[in-house]
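Trainee: Could you take me through one part of this predicted model in close detail? I would like to start with a pair of strands and then see what else is worth a look.

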Amino acid sequence: MKTAYKYRLLIIFLIAVLVVGLAVLLMVRLFKPEPVDPHEGQVYINDGFGMVWITPLEGVDVNPLTYSDFKTVNGEPVLNRDGYTVSKGIDVSEHQLEIDWAQVSKNIDYAYIRLGYRGSTEGGLYEDPYYKANISGAINNGLQTGIYFFSQAVSVSEAVEEAEFVIERLKDYKIDLPVVFDWEKIEGGGRSDEVTPDLLTDCAVAFCQTIENAGYTPAVYFNRYLGYYMYDLSKLTDYEFWVSVPGEFPDFYYESDMWQYSFEGKVPGISELTDMNLRLIPDPVPEDEEAKDNEAKNSEDEYSDLPVVEYQK
């Protein structure tokens with residue numbers, strides 16, 4: 001009898017354990033949390049080295065142009081959609097040597113001229129030896145003209161110094177395109193190797209503010225690495241962006257005003273290979289269309305027809 005009793009207790013115990021186990025399993029399944037998307041709120045982009053996830057910056061306009069908006073004609077990218085004013089340009093320095101600007105002006109709408117640069121090791125400021133000839137040649141042959149300065153600033157004060165260097169050498173010329181802050185990372189012993197993203201952003205702001213205070217339009221040039229990992233573009237939205245993305249379309253997540261699409265352009269009048277660019281400026285929206293858009297948005301508001309009640313304290 002005792003053996004049978006013990007056996008029954010064991011059976012009851014095992015059944016109880018099984019019931020409890022099933023109940024726990026059922027609760028786990030019922031109350032199991034939804035899987036968390038590790039990339040929620042992020043976007044998948046090409047940073048120039050591969051595809052990666054990034055968290056978009058707030059307040060920075062997204063690039064509305066995609067691969068399908070462009071076609072290739074005679075090896076050159078062409079915007080294949082309406083709504084933009086497009087112009088074709090180059091940027092040049094002493095590396096292009098002597099330029100026949102009369103010949104260049106037959107095929108190009110605008111030119112960016114390097115005014116000067118800061119040395120990457122000792123940090124001296126230098127005027128580009130072809131600056132005066134290039135800016136005079138471009139302006140005198142009817143091209144829209146802007147200038148850029150190759151920065152290696154390692155402090156805000158150096159960025160301001162560079163801007164003042166530019167302003168002093170621009171006073172004798174009338175340009176109609178922006179003055180560009182072109183800071184680039186020099187690998188292998190450059191004095192700017194230790195510049196942090198925060199410092200670089202501060203330098204760009206200081207340069208641009210100094211340029212703007214002198215009456216010029218400032219802009220910032222960068223490639224994808226600098227744009228994604230070094231600059232805080234949310235602090236630079238008051239200035240034009242010039243993005244360097246060689247290829248068939250401006251494959252950069254944020255909107256830009258100018259796209260450098262090649263380092264190896266061949267332009268009649270220039271003996272050396274030349275950087276090629278497109279300015280892609282959205283056409284202004286007519287006032288009547290803007291009014292219609294606003295009216296349509298207002299009509300979609302479910303509260304738009306309700307009376308306005310003013311509350312007084």
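**A hairpin, a cavity and a helix residue**

Mentor: Happy to! Let's begin with strand β1, which spans residues 43-46 and has two unlike faces: Val43 and Ile45 make up the covered one, while Tyr44 and Asn46 sit on the uncovered one. The partner of β1 is strand β2, residues 51-54, and the two run antiparallel, paired over four bridges. Within this pairing, Ile45 of β1 stands opposite Val52 in β2; Ile45 is also one of the two residues on the covered face of β1. Together β1 and β2 form a hairpin, with four residues between the strands. In that turn, look for Gly48, whose phi is positive, at about 100°.

Now leave the hairpin for the interior space. The model has one cavity of 30 Å³ or more, and the largest cavity holds about 60 Å³ of space. Its lining brings together Asn63, Pro64, Leu65 and Tyr84 with Pro250, Glu255, Ser256, Leu280 and Pro282. By residue class, that lining divides into six nonpolar, two polar and one charged. The charged one is Glu255, and the two polar ones are Asn63 and Ser256.

Finally, turn to helix α5, residues 197-213, where you will find Gln209. With a relative accessible area of 42%, Gln209 is partly exposed, because that value falls between the 20% limit for buried and the 50% limit for exposed. Along the chain, Gln209 and Val160 are 49 residues apart, yet their C-alpha atoms are separated by 8.7 Å.

Technical notes. Residues numbered from 1 in each chain as written. Predicted model: local features only at pLDDT ≥ 70, side-chain atom pairs only at ≥ 80, totals over all residues. Heavy atoms only, no water. Buried < 20%, exposed > 50% of the residue type's maximum accessible area, 1.4 Å probe, protein only. Pairing = 2+ DSSP bridges. 1 Å grid on protein atoms, 1.4 Å probe; cavity = no way out; pocket = protein on both sides within 12 Å on 5 of 7 lines; lining within 4 Å. Points joined across faces, edges and corners; volume = space filled by probe spheres on them.
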